[in-house]
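Reader: I'd like a close look at one part of this protein, the charged side chains and how they pair up. Could you walk me through it?

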Amino acid sequence: MTLKKIIAFTLTCAISTQAFAHSRWVLPSHFNLSAEQGEWIMVDITASNETFNVDKAMGADLVRIITPNGKPSRASSSYKGHRKSVIDYFLKDPGTYKITNNSEASFITSYTIDGDHKRLSANKTELAGKLPIEATAIKTTYRYARIESYVTLNAPSDNFKTEGKLLELLPVTHPSDIAENEKVTFKFLFNGKAQKDVAVEITADGARYRNNPQTLTLLSNEKGEITFTPNAAGRYLLVAEHKEDTPNSPLADQQMGSVFLTFEAQLN
C-alpha cells in the first residue's frame with residue numbers, strides 16, 4: 001500500500017471509528033445456494049476497522065442460526081483463531097436462514113481524566129467506589145449490538161421476526177433479491193417503532209485496495225427507511241447506529257443500538 005493510500009485510508013477510518021468504533025461481522029461463504037439435497041456453508045466471525053479484512057477474532061459461542069421455519073439452530077462445528085472464528089453449518093431445508101452473533105446487552109460508563117477518555121463496565125448505581133474522584137464528562141450508556149446476515153437455499157422466505165429491543169434492521173428488499181444497479185430498501189426500528197435519522201454507513205468489499213473506501217453515508221427517513229443502489233456486484237457491510245437520552249432511567253444516561261449487516265449484491 002502506498003503512503004498516499006495509507007493516509008487516505010487512515011483518515012477515513014478515523015472518521016468512521018468516531019461513529020462506530022470497531023466494525024464486527026459474520027461473513028457467510030455463500031449468500032444464495034441452489035441444491036436439492038442441501039448444502040454446507042462456512043461463516044467467518046471477526047472485528048476490524050477494515051471491511052472484511054480479519055483482525056480481532058470474536059468468539060462463536062453467541063452465534064445463533066434461525067432456520068426458515070423460525071426455529072433456532074446451532075453451528076455444526078466452530079474454530080477460534082487469532083484473527084477470526086469460523087463455523088460451518090449444513091443448510092437442509094429450503095428458505096432463508098438468519099445468522100447472528102449478537103452481543104450481550106451491557107452498561108458502559110465513559111469518563112475523562114486529564115484529557116484521556118476512559119471506560120468501565122458499570123451502570124450508574126454501580127459507580128460508587130469504581131469511578132475516580134477526578135473523573136469528568138461522565139456518561140453511562142446501555143447498549144446492544146446486532147451482528148447478522150442472511151443465507152438463502154433455493155427459494156427465499158420471510159425470516160425477519162423483530163424483538164422490539166433497541167435498534168433493528170427490517171429488510172424491505174429481500175437480501176436474496178439484492179443485485180447490482182437495482183434499488184435496495186431497508187427499514188430501521190428503535191424499540192419497535194420506525195426510527196428517523198439512524199446513521200448508516202455501507203462499504204463494499206476491497207476497501208483496502210482503493211484510494212477512497214467509497215463508503216456510502218445515509219440517514220433514515222420519516223419511515224425509518226434508507227434506499228440505495230449498489231453500483232457493483234459483491235459483498236457489502238452495513239453499519240448503523242442510533243442512540244437516545246434516557247433521563248428517567250436510574251441505570252443509564254442514554255441507550256444505544258447498533259446493527260452490522262453483511263449482504264451480497266448479485267450480478268445482473
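Reader: To begin, which residue forms a salt bridge with K124?

Author: Happy to take you through it, and please keep in mind that this is a predicted model. Its pLDDT averages 91 over the chain, with 92% of the residues scoring at least 70. Residues 1-20 are a stretch to treat separately, with pLDDT below 50.

Now to your pair. The partner of K124 is D253, and their closest N and O atoms are 3.2 Å apart. This bridge ties together distant parts of the chain: D253 sits in the loop between β19 and β20 (254-265), K124 in the loop between β11 (116-120) and β12, and 129 residues separate them. Both partners are partly exposed, D253 at a relative accessible area of 26% and K124 at 33%.

By the rule used here, the count of salt bridges is 9. Another of them pairs D44 with K84, with 3.0 Å between the closest N and O atoms. Here strand β3 supplies D44, while K84 comes from the loop between β7 (77-80) and β8, 40 residues away along the chain. K84 is partly exposed, at 28% relative accessibility. Right beside D44 in sequence is V43, one of the residues with the most contacts inside the largest nonpolar core, a group of 27 residues. V43 reaches, among others, S85, V86 and I87.

A third bridge joins R235 to D205, where the closest N and O atoms are 2.7 Å apart. R235 belongs to strand β19 and D205 to the loop between β16 and β17, so to speak two distant parts of the chain, 30 residues apart. R235 is partly exposed at 31%, and D205 likewise at 26%.

That same loop, between β16 (199-204) and β17 (216-219), also holds R210. R210 is buried but has no salt bridge: D205, the nearest side chain of opposite charge, is 6.8 Å away. A salt bridge needs a nitrogen within 4 Å of a carboxyl oxygen, so that distance is too long to count. R210 does have a polar partner in the backbone, as a polar atom of its side chain lies 3.1 Å from the backbone oxygen of A204. Its contacts beyond four places in sequence are T203, A204 and D205.

Finally, some bridges share partners: R146, E163 and E168 are joined in this way into one network.

Key. Residues are numbered from 1 along each chain as its sequence is written. This is a predicted model: local features need pLDDT of at least 70, side-chain atom pairs count only at pLDDT 80 or more; totals for chains, interfaces and linings use all residues. Side-chain values use heavy atoms; hydrogens and water are left out. Helices (H or I, at least four residues) and strands (E, at least two) are DSSP runs, numbered from the N terminus. Buried means under 20% relative accessible area, exposed over 50%, partly exposed in between (1.4 Å probe, protein chains only). Lys and Arg count as positive and Asp and Glu as negative; His and the chain ends are not counted. A polar contact is a pair of N or O atoms within 3.5 Å; within protein, one must be able to donate a hydrogen and the other to accept it, and residues adjacent in sequence count only if both atoms are side-chain atoms. Contact means heavy atoms within 4.5 Å. pLDDT is the predictor's confidence in each residue, from 0 to 100. A nonpolar core is a set of buried Ala, Val, Leu, Ile, Met, Phe, Trp, Tyr and Cys residues joined through side-chain atoms within 4.5 Å.
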